[in-house]
Amino acid sequence: MLGCLESIVIIIDYFGAWPEWFDVFLVSCRCNPTICWHMHTDCPVPNDYPSNVEFFPMTFTDYKRRVANALDLSLDDCEPYKICDIRTAAGVVFEDEIRGFDYFGYGDLDVVYGDIRRFYDQHVLTHDVISTHEWCTSGHLLLMRNTSELRRAFERVRCWRNVFAAKLHHRFDEDIFRWVFMRPEHLSVKKLVPRVLDNDDAKARAYVTARGVPAPGEIDIEPALQANNYFKEQFTTPLTPFRWHTGGHQHPEVWFWKDGRVTNALDGSREFLYFHFMNYVKPKALASRYRDSPWKGSRIMHID
């Protein structure tokens, strides 16, 4: 069906009610016809949705039961936000669904995709793990080659059972899982400092420490899993503590999607892999700029 293209499936588990921008998310999926999405959800299936998006209706209880059976653990106290930890095991939990795909991955709904294949071309798709951040396994979109070793890569974190079963969210998908594929020197202060807003070495060092470096023995290191990965900052998430790709302090606040391409008012015709508007929905990173989420109560998205 996809000819010589490497096939990709992105798994998104979501329970509750679709966000108000869900139709826009689907439109951006429709414009990436060679990428597939699998949605596990208790939300109503839309009347009109792209053929490359497949819905798997299930309750959150069904989801927890499936995870528990696949991983042999109890999730009785699990809340929906724990999906962010558990989705690192999606390759095992949904192994039957992803059979036949070259790459599988997971992502978020608070994104509008651009032209994914423009960024993830045949060269990029020679790598085993593909992240849109240089410093972590990006939770809003991470791809992995569909091999047995990578489907079970989460098991190399020795505490994974305790993390998955814990009630609180541990940021396993970004801050912990990354160390299976990254060596500590990948996140050196020397590398991080130029991207911190005020170029403050102490701030950079504090940021690295907060993200954590695993103690000896916490991760079962396999050098082969760290040898062929693509951790490239795609600048998909504006209004973070980091500098923009220009090296300056200013982040674009007005973004455009047209004909399957994402641009913004600051960078001219430069295209982006996607627009991750987390900081427009959750204003914790914008406390000095907004009292509440910029999305809330305002017509932040204009659609023709």
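**Exercise 1.** In this predicted model, find the residue of strand 7 that Ser131 stands opposite, then work out how strand 6 and strand 7 run.

*Solution.* Start at Ser131: across from Ser131, in strand 7, stands Leu142. Next, look at the two strands as a pair. Strand 6 covers residues 129–131 and strand 7 covers residues 141–145. Three bridges join them, and they run antiparallel.

**Exercise 2.** Write down the strand order of the open sheet and explain why one side of strand 3 and of strand 8 is left without a neighbour.

*Solution.* Follow the sheet across: the order is 3-2-1-4-7-6-8, seven strands in all, with mixed pairing. Strand 3 and strand 8 (229–231) are at the edges; each has a single partner strand, so one of its sides has no neighbour in the sheet. To finish the picture, add the twist, which averages 15 degrees from one strand to the next.

**Exercise 3.** Locate Asn52, decide whether Asn52 is buried or exposed, and list the backbone oxygens that lie close to polar atoms of its side chain, with distances.

*Solution.* First, the location: Asn52 sits in the loop that links strand 2 (35–41) to strand 3 (53–57). Second, the accessibility: Asn52 has a relative value of 9%, and buried means under 20%, so Asn52 counts as buried. Third, the side chain: a polar atom of it lies 3.0 Å from the backbone oxygen of Asn32, and the backbone oxygen of Ile35 is 2.9 Å from a polar atom of the Asn52 side chain. Finally, check the surroundings. Setting aside neighbours within four places in sequence, Asn52 is in contact with Cys29, Arg30, Asn32, Pro33, Ile35, Cys36 and Trp37. Asn32 and Ile35 thus appear here too.

Methods
Residues are numbered from 1 along each chain as its sequence is written. This is a predicted model: local features need pLDDT of at least 70, side-chain atom pairs count only at pLDDT 80 or more; totals for chains, interfaces and linings use all residues. Side-chain values use heavy atoms; hydrogens and water are left out. Helices (H or I, at least four residues) and strands (E, at least two) are DSSP runs, numbered from the N terminus. Buried means under 20% relative accessible area, exposed over 50%, partly exposed in between (1.4 Å probe, protein chains only). A polar contact is a pair of N or O atoms within 3.5 Å; within protein, one must be able to donate a hydrogen and the other to accept it, and residues adjacent in sequence count only if both atoms are side-chain atoms. Contact means heavy atoms within 4.5 Å. Two strands pair if DSSP finds at least two bridges between them. Axes are lines fitted to C-alpha atoms, for helices over the stretch in contact, and angles run from 0 to 180 degrees between N-to-C directions.
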